[in-house]
Amino acid sequence: MENPPSSEETSSTRCNPMSRLGFWLGITAFFAILLFTNFDPDNPEVSRMAAVGILMAIWWMTEAIPLAATALVPLAAFPILGIMSSKTAATSYISSTIFLFIGGFMIALAMEKWNLHKRIALGIIRAIGGGPNRLVLSFMLATAFLSMWISNTATSIMMLAIGLAIISQTEATFGKDRCRNLSVALLLGIAYSASIGGMATLVGTPTNLAFVSVFASEFPNAEPISFGQWMFMGLPLSMVMLLFSWITLTRFLFPSPSELSLSPDIIRDQIRSLGRISFAESAVMIAFTLTAVLWVFRKDISLGDSFQIKGWSNTVPSIAPFIDDSTVVLVMALSLFLIPSRSNKANACPRILDASVFSKLPWGIVLLLGGGFALAAGFQAAGLSTFIGQKVQGFAGSIPPIGLIAMICGTLTFLTELTSNVATTQTLLPILAAIGVAIETNPLLLMIPATLSASCAFMMPVATPPNAIVFGSGRIRIIDMVKAGIVLNLIGIVVITLFFYTLGTSIFQIDPDVRPEWAEKVTTPRSQ
C-alpha cells in the first residue's frame with residue numbers, strides 16, 4: 001500500500017518558487033475562465049466547473065497549498081457556483097472505497113506494529129539471496145510483496161535499513177569501489193520494486209483506489225471492479241515489470257562481479273534478533289492471509305469461457321449484493337481489536353490493535369481521495385465530461401486503440417515524474433472516461449492503463465517516496481536514477497500497453513470497438 005510521495009504530502013506546503021507560482025497561477029486561471037470564457041452558451045455550468053477543475057489541477061500539481069486542503073475546494077466552490085449542493089458534494093468524500101483504504105491500512109499498521117513485515121522480508125531474502133544478482137532479486141521480491149499490502153514508504157525505509165547493512169558488510173569484505181554497482185542496483189531495486197508492487201493490488205496504491213471510486217462515480221450502472229479481478233491482471237503485470245527492472249539493473253546498467261557473495265549468516269542473525277514468532281504476529285498473519293484470499297475469490301473470476309472460478313459470496317445469494325471488498329477488510333481489521341496480544345513486553349497493548357492506530361491513519365490522504373471523487377462528480381453534474389469528450393472525439397477517434405493506450409501511458413508516466421500521481425490521476429480519469437464514451441469505446445480501455453502508468457515514475461527522486469528515501473541515503477547519484485529511470489519508464493509504457501491490450505482486455509471483458517451499455521452518462525443531481 002502506497003503513501004503519497006514526498007511530492008504528495010498533505011500536512012504542509014513547500015516554500016518554493018513553484019508553489020508560489022502555482023498559487024497565483026491557479027487563482028488567475030480560475031477567475032479568467034470564470035469571467036471571460038463561455039465554453040457552452042447553452043450550459044454556463046461547464047465553464048464554472050472548468051474553472052474549478054483548472055484551479056484544483058494547478059494547485060495539486062504545484063502543491064500551492066496542502067493537497068488535502070485543495071481537496072476541500074469542491075465543498076466550498078460547488079454550492080457557490082451552482083454546480084452541486086453541499087449535501088451532495090459531501091457524499092463524494094465517503095464511500096466503500098475509502099473504507100477499503102482505511103481497513104487495509106489498519107492491517108498494514110498491525111503488520112508494522114508487531115514486526116511481521118520485517119520477518120516476511122528477511123525470510124524471502126534468506127530463501128533467494130546468494131550471489132549479487134540473486135541478492136538484488138531477493139530484495140526486490142520482498143519489497144514488491146510488502147508494497148502490495150502496506151505503505152511503500154514504510155516498506156522502503158525498512159528495506160533500506162536492511163539493504164544498507166548488507167552493503168556495509170559487503171564493502172567491508174570486498175572494498176567500496178568493487179561494490180559500487182551492487183550498491184546502486186540494490187538500492188534502486190528497492191525503490192523501483194516498491195512502486196511496482198503497488199500496481200498488483202487495489203490497496204497497493206491510492207491511485208488504484210482513486211480509479212475504482214472515479215469509475216463507480218462516472219458509471220454507476222457498471223459492475224464494480226473487484227479486488228480479485230484487478231489482481232489477476234495487476235500481479236502478472238507487476239511481476240513482468242519486476243523482472244525487466246531486475247534484468248536492466250543487474251545485467252545492463254550496474255553489473256556486479258559474481259564473487260561478491262556474502263555468507264547467509266548475516267541474514268540469519270537479523271532473523272534471530274527478531275526472536276520467536278509471537279502469538280500477535282501469528283494472529284496478524286492469519287488475518288492478513290484470510291483477507292487476501294477472501295478478496296481474491298469474493299466474486300466470480302472469468303478469463304474467457306475456458307477458465308472460471310465461482311466466487312464465495314455468491315454461495316449465499318441473499319447477502320451477496322450487500323458485500324464488497326471493504327466488508328472483508330473491515331471484518332478482519334475489527335477482529336484485531338478483539339484478539340488479545342498475549343505479549344509480555346512492557347507497555348504492550350492488551351489487544352493486537354488499540355486506539356493508537358487511529359492517530360496513525362493518513363487522514364490527509366482520505367481527504368485527498370475524497371476531493372478527487374468530488375471533482376469527478378462535479379465533472380459529471382456540470383456536463384464538463386460530456387463537453388470534453390465531444391471536443392476530442394474526432395482526434396481520439398482517429399487513433400487506433402493500441403496507439404491511444406500507448407499515448408496515455410507515456411503522458412501519465414512522464415507527467416507524474418514531477419507531479420502528484422494521485423492528484424494527476426484523479427484529475428485526468430474523468431476526462432478519459434468522457435473521451436471513452438465520446439469515441440464509443442469501453443472507457444476502461446483508457447482509464448486502467450492511465451492508472452497503472454501513474455505508478456511507473458522511476459527517473460526523479462521527487463517522483464515517489466521510495467525514490468526520495470533511497471536517494472536520501474547518499475549512495476546514489478541523481479544521474480544513476482535518471483539513467484535507470486528513463487529506461488524503465490520506456491519499458492513500462494511498452495509493457496503496460498501490450499499487457500493490458502492483450503490480457504487486460506480479456507480479464508475486464510473489453511471490446512475496443514464496442515461501447516458497453518453501462519457507459520452512458522447519468523447526471524448527478526445538484527441538490528437533495
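## Exercises: salt bridges, spaces and a surface patch

E281 is buried, and R119 is buried too (under 20% relative accessible area; exposed is over 50%, partly exposed in between, with a 1.4 Å probe and protein chains only). The model is predicted: local features need pLDDT of at least 70, side-chain atom pairs count only at pLDDT 80 or more, and totals for chains, interfaces and linings use all residues. Residues are numbered from 1 along each chain as its sequence is written, and side-chain values use heavy atoms, with hydrogens and water left out.

**Exercise 1.** Find what joins E281 to R119, and state which helices the pair ties together.

*Solution.*
- Step 1. Apply the salt-bridge rule: a side-chain nitrogen of Lys or Arg within 4 Å of a carboxyl oxygen of Asp or Glu.
- Step 2. E281 and R119 form such a bridge, with their closest N and O atoms 2.7 Å apart.
- Step 3. E281 sits in helix α14 and R119 in helix α7 (residues 116-128), so the bridge ties together parts 162 residues apart in sequence. Helices here are DSSP runs (H or I, at least four residues; strands are E, at least two), numbered from the N terminus.

**Exercise 2.** Compare the settings of the D269–R272 and R477–D480 bridges.

*Solution.*
- Step 1. D269 and R272 meet at 2.7 Å, N to O.
- Step 2. These two are three residues apart in helix α13 (residues 265-273), so about one helical turn separates them.
- Step 3. D269 is partly exposed at 43% relative accessible area. R272 is exposed at 55%.
- Step 4. R477 and D480 pair with closest N and O atoms 3.1 Å apart. R477 is partly exposed at 47%, whereas D480 is buried at 1%.
- Step 5. Extend the second pair: R180, R477 and D480 are linked in a network of salt bridges. The whole structure holds seven salt bridges.

**Exercise 3.** Describe the largest cavity: its volume, its lining and the helices that supply it.

*Solution.*
- Step 1. Fix the terms. On a 1 Å grid over the protein atoms alone, a cavity is a set of points where a 1.4 Å probe fits but cannot get out; a pocket is an open set with protein on both sides within 12 Å along at least five of seven lines; lining residues have an atom within 4 Å of a point.
- Step 2. The search finds one cavity of 30 Å³ or more. The largest cavity holds about 70 Å³.
- Step 3. Twelve residues line this cavity, and G104, I107, W149, F288 and W295 are the closest to its centre.
- Step 4. Helices α6 (96-113) and α14 (279-296) each supply at least two lining residues.

**Exercise 4.** Do the same for the largest pocket.

*Solution.*
- Step 1. The largest pocket holds about 670 Å³.
- Step 2. Its lining has 36 residues; S96, T97, V212, A216 and P224 are the closest to the centre.
- Step 3. Two or more lining residues come from each of α6, α11 (206-218), α15 (325-336) and α17 (363-382). Helix α11 gives the most, with five.

**Exercise 5.** Locate the nonpolar surface patch formed by F414, I486, V487 and L490, and name the helix that gives the most to it.

*Solution.*
- Step 1. These four residues have about 300 Å² of accessible area together (Shrake-Rupley method, 1.4 Å probe; for residues, only the protein chains shown count as cover).
- Step 2. Helix α23 (residues 478-507) gives the most, with three residues.
- Step 3. V487 lies in α23. V487 is partly exposed at 30% relative accessibility.

Methods
Patch = residues over 30% accessible without salt bridge, like charges linked within 9 Å, V, L, I, M, F, W, Y side chains within 5 Å. Points joined across faces, edges and corners; volume = space filled by probe spheres on them.
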